[in-house]
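Grab a pencil and work through these exercises with the structure open beside you. Try each task yourself before you read the solution under it.

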Amino acid sequence: MKICTTEFPDEISKHEEAIDSLASHVAETEPDLLVLPEMPFTPWLFHVDTFSKTKWEQTVESHARVLERLGATITTPIITSRPITVDGNNLNQAIYLDRARNIHPLRSKQYLPNDFPAVERVWFSEGEQSDRVFDIQECKIGLQLCSEIMYTEIPRNLAMAGAQIIVQPRATGDHPRWRAASILGASTSGAFVVGANRRSSERVWFTGGSWIYSPFGNLLAEASEINPFVTYDINLAEANKAKAE
């Protein structure tokens, strides 16, 4: 199974160029699944502790619009997250966009940080428990959305549910704990870990670092500022082998 993980620019002015570059990479490498960062097309409003309904609605609409633009340009299935309001609750919702461009909601972020620049409890409602595994393209996939990576019981629970891949969309800085958490998640779950992070060039909030780790915790591939997209062909049988050990 070929997986592409990406960095995506934080700045809206760079989205069009990034989409065109990503389309070229996908056309060349032909991945089966594309993983994007946490809410990649959203202006990061969530650093302030005062909720604005107008700004929330604007960012929901803008994210949906860019996602549609990306979906029309790239036919590869995608996992990412989006801001959305469901039954009166504002959610950071993980989604799967299939080849037919149908959006399948997966689950919403459960563990919400509340510290600058991610004052998320002001903006989002708490989502579902994070131990659910989804059958996608004949593969069992679990999710950790950004700060959920720090909860070490999640990979163990996902392993018991049979996860072969854990997808980790993020919007984080470069503290070593993020990489350490991905390595630990892979090692304790016996699953491949695919991380994808935003990258800022005009501020220091989001620093990239999108990677693929083996079920044994070995680095297989990593994107960078120079090469923001990377595709790697994984062997799902390795996840089954890792769990046996």
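**Exercise 1. A residue with positive phi**

Task: find the place of Q137 in the chain, then decide whether Q137 is buried, partly exposed or exposed.

Solution.
- Step 1: Q137 sits in the loop between β9 (134-136) and β10 (139-143). Keep in mind that you're looking at a predicted model.
- Step 2: the relative accessibility of Q137 is 32%. Buried would need a value under 20%, and exposed one over 50%, so Q137 counts as partly exposed.
- Step 3: now look at the backbone. Phi of Q137 is near 50 degrees, a positive value in a residue other than glycine.

**Exercise 2. M39 and a cis bond**

Task: work out in which loop M39 lies and whether M39 is buried or exposed. Then say which form the peptide bond from F116 to P117 takes.

Solution.
- Step 1: M39 belongs to the loop between β3 (33-35) and α2. Phi is positive here too: for M39 the angle is near 40 degrees, and M39 isn't a glycine.
- Step 2: with a relative accessible area of 0%, M39 is buried.
- Step 3: go to the loop between β7 (114-115) and β8 (118-119), where you'll find P117. The peptide bond leading from F116 to P117 is cis, and omega is near 5 degrees.

**Exercise 3. How do α1 and α2 pack?**

Task: describe how α1 and α2 pack, using the angle and the distance between their axes.

Solution.
- Step 1: here's the general idea. A pair of packed helices is described by two things, the angle between the axes and the distance between them.
- Step 2: for α1 and α2 the angle is about 25 degrees and the axes are 10 Å apart.
- Step 3: an angle under 35 degrees counts as roughly parallel, so α1 and α2 are roughly parallel to each other. Their crossing is right-handed.
- Step 4: which residues make the contact? From α1 come H15, E16, I19, D20, L22 and A23, and from α2 come V66, R69, L70 and T73. Sorted by class, this contact of α1 with α2 has five nonpolar, two polar and three charged residues.

**Exercise 4. Zoom in on L22**

Task: say whether L22 is buried or exposed, and which residues L22 touches beyond those up to four places away in sequence.

Solution.
- Step 1: L22 lies in helix α1.
- Step 2: the relative accessible area of L22 is 0%, so L22 is buried.
- Step 3: leaving out residues up to four places away in sequence, L22 touches C4, T6, L34, L36, L70, I74 and F229.

**Exercise 5. A second helix pair**

Task: decide how α4 is oriented relative to α5, and find the residues that make the contact.

Solution.
- Step 1: the axes of α4 (residues 153-160) and α5 (residues 176-189) come within 8 Å and cross at roughly 30 degrees.
- Step 2: that makes α4 roughly parallel to α5, and the crossing is right-handed.
- Step 3: α4 brings P155, R156 and A159 to the contact, while α5 brings G185, T188 and S189. Two of the contact residues of α4 with α5 are nonpolar, three are polar and one is charged.

**Exercise 6. Follow the salt bridges**

Task: find which residues are joined with R199 into one salt-bridge network.

Solution.
- Step 1: start with the count, which comes to 11 salt bridges.
- Step 2: E7 and R199 form one of them, with their closest N and O atoms 2.6 Å apart. E7 is in the loop between β1 (2-6) and β2 (8-9), and R199 is in strand β12 (residues 192-199), so this pair links distant parts of the chain, 192 residues apart. E7 is buried, at 3% relative accessible area.
- Step 3: R199 also meets E225 in a salt bridge, at 3.8 Å from N to O. E225 lies in the loop between β14 (219-222) and β15 (229-233), 26 residues from R199. At 56% relative accessibility, E225 counts as exposed.
- Step 4: put the pieces together. Salt bridges with shared partners join E7, R199 and E225 into one network.

Notes
Residues are numbered from 1 along each chain as its sequence is written. This is a predicted model: local features need pLDDT of at least 70, side-chain atom pairs count only at pLDDT 80 or more; totals for chains, interfaces and linings use all residues. Side-chain values use heavy atoms; hydrogens and water are left out. Axes are lines fitted to C-alpha atoms, for helices over the stretch in contact, and angles run from 0 to 180 degrees between N-to-C directions. Helices (H or I, at least four residues) and strands (E, at least two) are DSSP runs, numbered from the N terminus. Angles under 35 degrees count as roughly parallel, over 145 as roughly antiparallel, 65 to 115 as roughly perpendicular and the rest as oblique. A crossing is left-handed if the near helix is turned anticlockwise from the far one by less than a right angle, and right-handed if clockwise. Contact means heavy atoms within 4.5 Å. Ala, Val, Leu, Ile, Met, Phe, Trp, Tyr, Cys and Pro count as nonpolar, Asp, Glu, Lys and Arg as charged, and the others, Gly among them, as polar. A salt bridge is a side-chain nitrogen of Lys or Arg within 4 Å of a carboxyl oxygen of Asp or Glu. Buried means under 20% relative accessible area, exposed over 50%, partly exposed in between (1.4 Å probe, protein chains only).
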